[in-house]
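Work through the following exercises with the structure open beside the text. Each task is followed by a solution in steps.

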Amino acid sequence: MKIESVPAEMTACVWRGGSRVEIETVPVPEIGPGELLLRVEACGLCPTDIKKIDLGLAEPPVILGHEMAGVVVAAGQGSEKFSGKRVAVYHHVPCRNCRLCELGRYSQCAGYKKTGTTAGFSPAGGGWAEYVKILPWIVKGGGVIEVPKWLPVTVAILMEPLNTCLKCASALPDSKGILVILGQGPVGLMLTAIAQRNGWEVVTVEPLPERQEKSIKLGAKAVFRPGKDLTSRLEEVAGPLGPDAVIAATESEEAINGSLGALRPGGTLILFAHTRKGQELKIDAGQIGVAEKQIIGSYSSSIELNLLTRETLLDDRFPWGEFVTHVFSLGEINRALALAKHPEGGSLKVAVSPDPGVVNA
Ligand SMILES: [Zn+2]
Ligand SMILES: [Zn+2]
């Protein structure tokens, strides 16, 4: 079922290895039974995409980009209910049938690790293109979320990163108290907004002045620069016992160790920044074995939080409209990547769009 005419070819940002992404004309994906074709309105740039390019973690050629929203312009047999709908898409869904899913560890499910959206080549997201094909198991598995037409697309594309933040926040202890968030990039700031709404007293650590300012605006009680004196600075706000929990939305070893030292005995440290297997971090074992502090990880999204994520995204008490600060055309992908990597002038989340004029209007 087609609801608008779809061209045979489209513009896409193709990573063929190296540090740059090429702008190419590629065929618009054909869809089969159960599949959907999404006309992309915008797609965010995620640090994981940037890592794939910088560290060569994907097998080129690929079309990356997974924080996408748009309109379903064609629907395969069995998926017609999404025809013409405006949606945000998760590129991973769990199988809900394995031991790990049973345990609620959805992002560890083998099925979850497969990517189910593509604009061509092997599925890698595909959001940095004009059209994306959504594979049947994503459609069936609850990965396609309808969003109202009035919702700015720059908010709709926050669906997936917001889910990951809500998941991380749900791993915090129920006892609440003082929470330190290391890093106030887009996800760090989302965490600040959510945690303070959930009743935590939030203190943040961030080097960039614009982000420090934003952090306070979103409800942080205090914000510090990272550095050697972090432990003593945290003591000033959290008292000699130290903060109750820390979320590391940064890879800075100094910040992670400084905050682990400052954490109160029995406190919780959540590693939230995208680490990778084999990446080493030197920590003081006594902080765990003697002071009974816990280090846990939170990775990717949880399908159980899809409803809450949508509700939170539509909740106008949160200023989600301020998170995407720059929308570039597909042709400007390399500029967009450079800004996402080296934020300046208060830039937060960066996105690309086949029609940035409409998005920015
Ligand atoms: Zn992402
Ligand atoms: Zn599973």
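Angles between elements here run from 0 to 180 degrees between N-to-C directions, with axes taken as lines fitted to C-alpha atoms. The model is predicted.

**Exercise 1. Describe how helix α9 lies on the strands it crosses, and classify its direction relative to β9.**

Step 1. Find helix α9 at residues 253-262. 
Step 2. Helix α9 lies across β9, β10 (201-205), β12 and β13 (268-271). 
Step 3. Read the angle: α9 runs at about 165° to β9. 
Step 4. Angles over 145 degrees count as roughly antiparallel, so α9 and β9 are roughly antiparallel.

**Exercise 2. Give the strand order of the open sheet of six strands and name its edges.**

Step 1. Strands of a sheet pair through backbone hydrogen bonds, either parallel or antiparallel. 
Step 2. In this sheet the pairing is parallel, and the order reads β11-β10-β9-β12-β13-β14. 
Step 3. β11 (222-224) and β14 (294-297) each pair on one side only, which makes them the edge strands. 
Step 4. On average, neighbouring strands of the sheet are turned by 20° against each other, direction ignored. 
Step 5. Look at one pair in detail: β9 (residues 178-182) runs parallel to β12 (residues 245-248), and four bridges join them. 
Step 6. One residue pair to locate is isoleucine 181 with its bridge partner in β12, isoleucine 247.

**Exercise 3. Describe the packing of α5 against α6, and decide whether the helices are parallel or oblique.**

Step 1. Two packed helices are described by the angle between their axes and the distance between the axes. 
Step 2. The axes of α5 and α6 (residues 186-197) come within 9 Å and cross at roughly 50°. 
Step 3. The two helices are therefore oblique to each other. 
Step 4. The crossing of α5 past α6 is right-handed. 
Step 5. Among the contact residues are Leu162 and Leu166 of α5, and Met190 and Ile194 of α6. 
Step 6. Sorted by class, this contact holds 12 nonpolar residues, one polar and no charged.

**Exercise 4. Repeat the analysis for α8 and α9.**

Step 1. Helix α8 (residues 230-238) packs on α9 at an angle of about 45°, and the axes are 9 Å apart. 
Step 2. That angle makes α8 oblique to α9. 
Step 3. The crossing is right-handed. 
Step 4. From α8 the contact uses Leu230, Thr231, Leu234 and Glu235, and from α9 Ala255, Gly258, Ser259, Gly261 and Ala262. 
Step 5. By class there are four nonpolar, four polar and one charged residues in this contact.

**Exercise 5. State how the chain is divided into domains and describe where they touch.**

Step 1. Domain 1 covers 9-162 + 302-360, and domain 2 covers 172-297. 
Step 2. Their C-alpha centres lie 29 Å apart. 
Step 3. In the contact, 11 residues of domain 1 meet eight residues of domain 2. 
Step 4. On the domain 1 side, α1 (47-55) and α5 (159-170) each supply at least two residues, and α1 gives the most, with three. 
Step 5. This side of domain 1 has seven nonpolar, two polar and two charged residues.

**Exercise 6. Find what is unusual in the backbone at proline 61 and at lysine 176.**

Step 1. Most residues other than glycine have a negative phi, and most peptide bonds are trans. 
Step 2. The peptide bond from proline 60 to proline 61 is cis, with omega near 0°. 
Step 3. Proline 61 sits in the loop between α1 and β4 (67-75). 
Step 4. Lysine 176, not a glycine, has a positive phi of about 55°. 
Step 5. Lysine 176 belongs to the loop between α5 and β9.

How values were computed
Residues numbered from 1 in each chain as written. Chains lettered and ligands numbered in written order. Predicted model: local features only at pLDDT ≥ 70, side-chain atom pairs only at ≥ 80, totals over all residues. Domains from an automatic or database assignment. Contact = placed C-beta atoms within 7 Å. Nonpolar A, V, L, I, M, F, W, Y, C, P; charged D, E, K, R; others polar. Parallel < 35°, antiparallel > 145°, perpendicular 65-115°, else oblique. Left-handed = near helix turned anticlockwise from the far one by under 90°. Pairing = 2+ DSSP bridges.
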